[in-house]
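I opened the model to look up helix packing and the ligand shell. My entries follow.

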Amino acid sequence: MFRTSYTLAPMTTMSVASPTAESVDGPSVQWKHRCLLGLQELSAEELRTLLKTAAGFAEVSGRSVKKVPALRGKVVANLFFEDSTRTRLSFTLAAQRLSADVIDLTSSGSSVSKGESTVDTARNVEAMGVDALVVRHKSSGAPGLVAAGVKCSVINAGDGKHEHPTQGLLDIYTLAEANGRLETFDLTGLRVAIVGDVVSSRVARSNIAGLTKLGAKVVCIGPGTLAPKSMETLGCTVDDDLEAVLPTVDAVNMLRIQFERHSEGAAKAGGGEAVRASPAFPSTREYSRGYALTAERARLLKPGAIIMHPGPMNRGIEIADEVADGPKSVILRQVTNGLAVRMAALYLCVSGSEAR
Ligand code: CP
């Protein structure tokens, strides 16, 4: 992983107006960051500022005119060097709902394919007068390198195995919503299981950081190759018995097996094509036998427990159809909440930068 300690440039704390129903005027919140690169470097108070700002924006999506003028005149650029459906569309819509203009770049069809570096690409896009860069990259630390090379805001939209901060925030928001904690975002007393390919997962790392800072307990579950004991240094516990843990948790977050990040799978795939082979387990059938969330296993959950998945899902491998589409599933609610979370991230970073 690239060095990321410089990723949040030191800044003075600025007062940023919190969004209200009709305008961006309202009670001030404290936000001091130009960029959002990860949840590991944020305090509990900063996480709550992001989440409470998202709660303020959630109401906008229910209106007939789904827009506020908070970032009118600003430009947000999506720089996606790795595929995405949810995150990319969600950031685009979030920026549009804040009245910002949005431009899009992908590595295919851009000068990246001619060998231009990620940072040079970002600096050229910034030179067009862009206020925020939303960066997804297969390499851990790439958004941090971009942040160090530009002056505008940078939001990490998922980098390698490192972090996916807005996914972590939307997962936390959804857990808080299901448990009536949207006022406080105090998750004390809640226990969350993260199941599957934890070691490859930026979603897991952001969730573990955010959930534990807000008071929740996290247990990671998987075979030792995918959920090694060493993950406990992040502040969670690790277990390998899914059925024993399920009755004890308030939420279970099922992770996709990231075949493309497992060396053999990636080699077989030529770095791109979806494959269903990994050196981490003998076969997907054997993986599923131990760690898939089947209907039978889902019945072990407490009555109020929720089932989450960041997507994209490998249906039939880590999660059964009837569970993904069943009454405990909040998977599409996560996607809905992602919009408000991304509005908050863009608004705080860009408005805060302007105030500075
Ligand atoms: N959860 C998530 O990051 O999905 P995408 O890869 O579709 O953006």
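In which hand, left or right, does H5 pass H6? I find that the crossing of H5 with H6 is right-handed (the near helix is turned clockwise from the far one by less than a right angle; anticlockwise would be left-handed).

I note that this is a predicted model, where local features need pLDDT of at least 70, side-chain atom pairs count only at pLDDT 80 or more, and totals for chains, interfaces and linings use all residues. Residues are numbered from 1 along each chain as its sequence is written.

I looked up the geometry of helix H5 (residues 165-178) and helix H6 (residues 202-213): their axes come within 8 Å and cross at roughly 55°. Helices are DSSP runs (H or I, at least four residues), numbered from the N terminus. Axes are lines fitted to C-alpha atoms over the stretch in contact, with angles from 0 to 180 degrees between N-to-C directions. H5 is therefore oblique to H6 (not under 35 degrees, over 145 or 65 to 115).

I listed the contacts (C-beta atoms, placed from the backbone, within 7 Å). Among them, Pro165, Gln167 and Gly168 of H5 take part, as do Val203 and Ser206 of H6.

Next I checked helix H3 (residues 118-126) against helix H4 (residues 142-149): the angle is about 50° and the axes are 9 Å apart. This crossing of H3 and H4 is right-handed. Thr118, Val119, Ala122 and Arg123 in H3 meet Ala142, Leu145, Val146 and Gly149 in H4.

Last, I looked at the ligand. Residues around the ligand include Arg86, His164, Gln167 and Pro310 (C-beta atom, placed from the backbone, within 6 Å).

Notes: Helices (H or I, at least four residues) and strands (E, at least two) are DSSP runs, numbered from the N terminus. Two residues are in contact if their C-beta atoms, placed from the backbone, lie within 7 Å.
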